[in-house]
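Hi everyone, thanks for making time. I'd like to walk you through one structure today, so have a look at it on the screen first.

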Amino acid sequence: MGCAPIEAIEVVEDFSHTARCDEGFLQVRRLWVKNRREDGSTSAAYRVDLVDRPRLDAVAVLVYRRVMPSGALEILTRQALRPAAYFRKDKMPTLADGKEYLFCEEVVAGLLEPEDLGQAGLLQRAALEVEEEAGIAIAPEAVVVLGPPVFVAPGILSEKIFMTAVDVTGKPQTEPKGDGSPMEEGGKLRWRSIDELKQAIASGEIQDAKTEVVLHRFLASPWLHQE
């Protein structure tokens with residue numbers, strides 16, 4: 001039986017004041033550091049906060065297909081609950097846009113696990129995420145890596161995201177299994193044309209950075225134009 005649509009995220013308890021900074025999904029390291037210069041001198045000590053997740057890096061997968069007989073490209077996006085974006089509503093933004101970001105639309109993505117080692121591990125994780133989040137089974141070797149990984153927010157996060165793409169033309173799509181988390185609830189999949197996706201990004205309908213970066217790299221890839 002399906003659940004009713006989600007209308008809000010409710011805070012059951014805010015335990016920020018009692019939580020340790022080195023426990024939980026996000027862990028904060030609070031450091032005093034100084035810059036060591038080539039001549040042996042150092043700067044004054046200053047404080048930095050570093051945020052880490054249990055897994056160092058992640059993979060983003062641009063899932064695409066060709067619509068026959070035209071051969072036009074469509075790209076898969078998914079709506080996902082994003083609490084951090086949603087609770088912006090309780091803050092004072094520099095430029096208010098009047099929106100509540102209960103869901104954010106983005107490409108398929110997931111954290112790399114400890115067993116995902118090397119290039120083979122990266123491709124395997126990408127394939128697993130496509131099956132889990134999009135309901136499409138693919139072979140890891142079908143995934144193409146789109147250049148080097150990128151930092152998300154290097155001022156505070158050590159995480160990098162690897163950009164990849166995979167062609168799923170003609171492959172069956174079933175209901176995604178997800179990971180069983182409440183964060184997966186209410187998610188919706190959508191196929192967009194290239195122009196629709198570009199317009200959604202330009203208008204601010206989609207504001208996910210990895211989606212914009214992976215689309216740019218995908219469209220700039222020489223192999224795409226050789227197909």
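**Cores, a helix and a pocket**

Let's start inside: the largest nonpolar core has 21 residues, and L62, Y64, I75, L215 and F218 are the ones that touch the most other members. Two or more residues each come from β3, β4, β6, β9, α3, which is 194-203, and α4, which is 209-220. There's another core apart from that one, with 18 residues, including V61, L76, I136 and V143. As background, nonpolar side chains in soluble globular proteins tend to be buried together. Oh, and I should say that this is a predicted model.

Now, on to helix α2. How far apart are the end C-alpha atoms of α2? They're 24 Å apart, and that agrees with what we'd expect, because 17 residues at 1.5 Å a residue should span 24 Å.

Which residues of α2 are buried? The list is G121, L122, L123, R125, A126, A127, E129, V130, E133 and A134. What do those buried residues pack against? Strands: β3 at 58-67, β4, β6 at 108-111, β7 at 144-145, β9 at 160-167 and β10.

Let me pick out one of them, E129, which sits in α2. E129 counts as buried because its relative accessibility is 6%, and the cut-off for buried is under 20%. Leaving aside residues up to four places away in sequence, E129 touches V108, A109, G110, L111 and A134.

Right after α2 comes G135, with a positive phi, near 75°. For context, most residues other than glycine have a negative phi, and most peptide bonds are trans. Speaking of peptide bonds, the one joining M68 and P69 is cis, with omega at about 10°. You'll find P69 in the loop between β3 and β4.

Last stop, the second largest pocket. Its volume is about 280 Å³. It's lined by 16 residues, and the closest to its centre are E175, P176, G178, E184 and G187. Our helix turns up here again: α2, at 118-134, supplies at least two lining residues, as do β4, at 72-81, and β10, at 188-193.

And what classes of residue make up that lining? Nine are charged, five are polar and two are nonpolar.

So, if you want places to zoom in, try E129 in α2, then the cis bond between M68 and P69. That's my tour, thanks for listening!

Methods
Residues are numbered from 1 along each chain as its sequence is written. This is a predicted model: local features need pLDDT of at least 70, side-chain atom pairs count only at pLDDT 80 or more; totals for chains, interfaces and linings use all residues. Side-chain values use heavy atoms; hydrogens and water are left out. On a 1 Å grid over the protein atoms alone, a cavity is a set of points where a 1.4 Å probe fits but cannot get out, and a pocket is an open set with protein on both sides within 12 Å along at least five of seven lines; lining residues have an atom within 4 Å of a point. Grid points are joined across faces, edges and corners, and a volume is the space filled by probe spheres set on the points. Helices (H or I, at least four residues) and strands (E, at least two) are DSSP runs, numbered from the N terminus. Ala, Val, Leu, Ile, Met, Phe, Trp, Tyr, Cys and Pro count as nonpolar, Asp, Glu, Lys and Arg as charged, and the others, Gly among them, as polar. The expected span of a helix is 1.5 Å times one less than its number of residues. Buried means under 20% relative accessible area, exposed over 50%, partly exposed in between (1.4 Å probe, protein chains only). Contact means heavy atoms within 4.5 Å. A nonpolar core is a set of buried Ala, Val, Leu, Ile, Met, Phe, Trp, Tyr and Cys residues joined through side-chain atoms within 4.5 Å.
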